[in-house]
Amino acid sequence: MPFQVLPAEPSDIPDIVAVHQASWVNDPIIGRLMPDVEPKVKYDYDVDYYKNKFETKALTGTVMHKIVDTETGKLVAFAKWNYPYSLTPEQQAEKDKLDLGRSYPPGTNEKLYEQFFGRLDALRKKYLDEEKDYFLHLLIVLPSYQRKGLGTMLIREGLAAADRDNARTYIEASPMGLGLYKKFGWKEIDDIVIDMRPHGGTGMASEKCLMREPGAGSA
């Protein structure tokens, strides 16, 4: 099956959400963030999330790529990057208002949500320089299209820009994607570990924080 990497557009949001939801449902952390949210409510919430990312890209450096199966025209994978950016004081104030306005729908596991994203936010503040570093925020491939090299295609698209700028690249990785990222030269710098038993899961779940120096890796 031939595949093509293209810029993602707002008109792709329904397909992006479909890939997002199909891919995260069994994740030990993400899959338990909204256990009791009605499907239609969760769909609308995710649509609003991606719509907001397109509308506010000037405030976050958001750049999104998609992969299309050229035989079917179907969107089967996407990546959301934050490229380096700087803000005027007015833009920073606008961004701060957006961050303070974050909320979640009824049925969300609020304790897990705050624990997980609170830790993510703290690590990003510690390691990520938004004016200099690239950040691969999301890399999601439809389950039926995994292990076909699509993740590699999307990673190379962003790393080409990072290497041209001689910039570092930050990422947060699930255990499933860790091996691929290390092939591209990412190194572990910290982690997120959550006891999932209070949240209906079993044992400990973790993600790794990694940083890649420009030009690292050989994948």
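**Notebook: helix H5 and the sheet**

I looked up H5 first: it has 18 residues and spans 25 Å from first C-alpha to last, close to the 26 Å expected at 1.5 Å a residue. The expected span is 1.5 Å times one less than the number of residues. The model is predicted, so local features need pLDDT of at least 70 and side-chain atom pairs 80 or more, while totals for chains, interfaces and linings use all residues. Residues are numbered from 1 along each chain as its sequence is written, and side-chain values use heavy atoms, without hydrogens and water.

Helices (H or I, at least four residues) and strands (E, at least two) are DSSP runs, numbered from the N terminus.

I then listed the buried residues of H5 (buried means under 20% relative accessible area, exposed over 50%, with a 1.4 Å probe and protein chains only). They are Leu112, Tyr113, Phe116, Leu120, Leu123, Arg124 and Tyr127. They lie on the same side of H5 because they cover an arc of only 125° around the axis; the arc is taken from the directions from the helix axis to the C-beta atoms. The face turned away from that side carries exposed Lys111, Lys125 and Lys126.

Next I checked the cover over the buried residues, which includes helix H2 (39–55), S4, S5, S6 and S7. Contact means heavy atoms within 4.5 Å.

Last, the sheet. Seven strands form an open, mixed sheet in the order S1-S2-S3-S4-S5-S7-S6. Two strands pair if DSSP finds at least two bridges between them. The edge strands, S1 (3–7) and S6 (187–195), each pair on one side only.
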